[in-house]
Amino acid sequence: MVSMTIPEARPDDVPTDGARVEEALRLLSGVPVGLDVAVKRLSRGSGVYAWWAGPTVFPDLRGTPNESVPSLRLLYLGRATSLRGRILRNHLRRSGSSTLRRTLAGLLVSEGYRTTWTDRVVLVSEDEARLTAWMYAHLCLTWAQDPEPATIEAELVRRMHPPLNVHGVHPEHIQAAVVAAKNAYNASSRPVEP
């Protein structure tokens with residue numbers, strides 16, 4: 001007896017991973033919006049997001065130019081089960097739960113950001129607020145809703161080369177300054193010895 005495997009039929013209206021990546025690239029490469037606008041428009045749905053900045057923000061970190069606004073450069077790409085929650089509750093509020101915030105604080109060390117130890121290194125509350133204000137002044141955002149962002153994030157990172165990302169990035173695209181900033185931030189505070 002010969003056993004045959006029949007490929008699972010896929011409804012015509014369900015996009016493939018490749019089509020989802022292309023749609024996400026299209027949306028992420030669209031016109032970035034300021035954070036004051038983004039926080040009002042972000043959905044609670046899952047998806048991927050990209051942070052953009054002008055060339056004077058971290059000029060040594062060359063990110064991919066935005067297709068719609070070439071003067072803006074990609075800084076960071078991430079995924080979220082809730083776009084609104086991830087951006088508002090993590091990236092715009094708490095360094096303890098945002099790799100982006102920790103990296104930014106490490107890169108902005110000359111600005112005198114102060115840290116303390118809780119169960120990890122975090123910015124002191126005044127500097128959390130100061131970093132949020134800096135992000136509002138210097139960064140903008142694009143996003144793309146997707147039901148399974150984890151399945152497309154790696155391909156997006158591979159194709160877009162965001163300079164602040166370290167995980168999932170091909171070694172030739174890892175920025176030494178970003179790794180050094182992360183290490184400096186993580187070494188800036190230690191648990192109190194008993």
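Strands, in the sense used here, are DSSP runs of at least two residues marked E, and they are numbered from the N terminus, as helices are. In this predicted model, valine 122 lies in strand 5, and this residue offers a convenient place to begin. With a relative accessible area of 12%, valine 122 is buried, because buried means under 20%. Leaving aside its neighbours within four places in sequence, valine 122 is in contact with Ser95, Gly96, Arg114, Thr115, Thr116, Glu128 and Tyr185. The chain also brings valine 122 and serine 188 together in space, for although they are 66 residues apart along the chain, their C-alpha atoms are separated by 9.4 Å.

One of the contacts of valine 122 is Ser95, and this serine can be followed next. Serine 95 is found in the loop between helix 3 and helix 4, and at 0% relative accessibility serine 95 counts as buried. Its side chain makes a polar contact with the side chain of glutamate 128 at 2.7 Å, and another with the side chain of tyrosine 185 at 3.3 Å. When residues up to four places away in sequence are not counted, serine 95 touches Arg101, Arg102, Val122, Leu123, Glu128 and Tyr185.

Glu128 leads on to helix 5, where Glu128 is buried together with Asp127, Leu131, Thr132, Trp134 and Met135. These buried residues cover an arc of only 160° around the axis, which means that they are on the same side of helix 5. The face turned away from that buried side carries the exposed residues Ser125, Glu126 and Ala137. Helix 5 itself runs over residues 125–138, and its 14 residues reach 20 Å from the first C-alpha to the last, close to the 20 Å expected at 1.5 Å a residue.

What, then, covers the buried residues of helix 5? The covering elements include helix 2 (35–41), helix 3 (83–91) and helix 4 (99–107), as well as strand 2 (47–53), strand 5 (121–123) and strand 6 (139–145). Of these elements, helix 4 can be described in further detail. The axes of helix 4 and helix 5 come within 11 Å and cross at roughly 90°, and the two helices are therefore roughly perpendicular to each other. Where they meet, helix 4 contributes Leu100, Arg101, Leu104 and Ala105, while helix 5 contributes Glu128, Leu131, Thr132, Trp134 and Met135. Glu128 thus appears in several parts of this account: it is among the residues of helix 5 that meet helix 4, its side chain makes a polar contact with that of serine 95, and it is in contact with valine 122.

Key:
Residues are numbered from 1 along each chain as its sequence is written. This is a predicted model: local features need pLDDT of at least 70, side-chain atom pairs count only at pLDDT 80 or more; totals for chains, interfaces and linings use all residues. Side-chain values use heavy atoms; hydrogens and water are left out. Helices (H or I, at least four residues) and strands (E, at least two) are DSSP runs, numbered from the N terminus. The expected span of a helix is 1.5 Å times one less than its number of residues. Buried means under 20% relative accessible area, exposed over 50%, partly exposed in between (1.4 Å probe, protein chains only). The arc is that of the directions from the helix axis to the C-beta atoms. Contact means heavy atoms within 4.5 Å. A polar contact is a pair of N or O atoms within 3.5 Å; within protein, one must be able to donate a hydrogen and the other to accept it, and residues adjacent in sequence count only if both atoms are side-chain atoms. Axes are lines fitted to C-alpha atoms, for helices over the stretch in contact, and angles run from 0 to 180 degrees between N-to-C directions. Angles under 35 degrees count as roughly parallel, over 145 as roughly antiparallel, 65 to 115 as roughly perpendicular and the rest as oblique.
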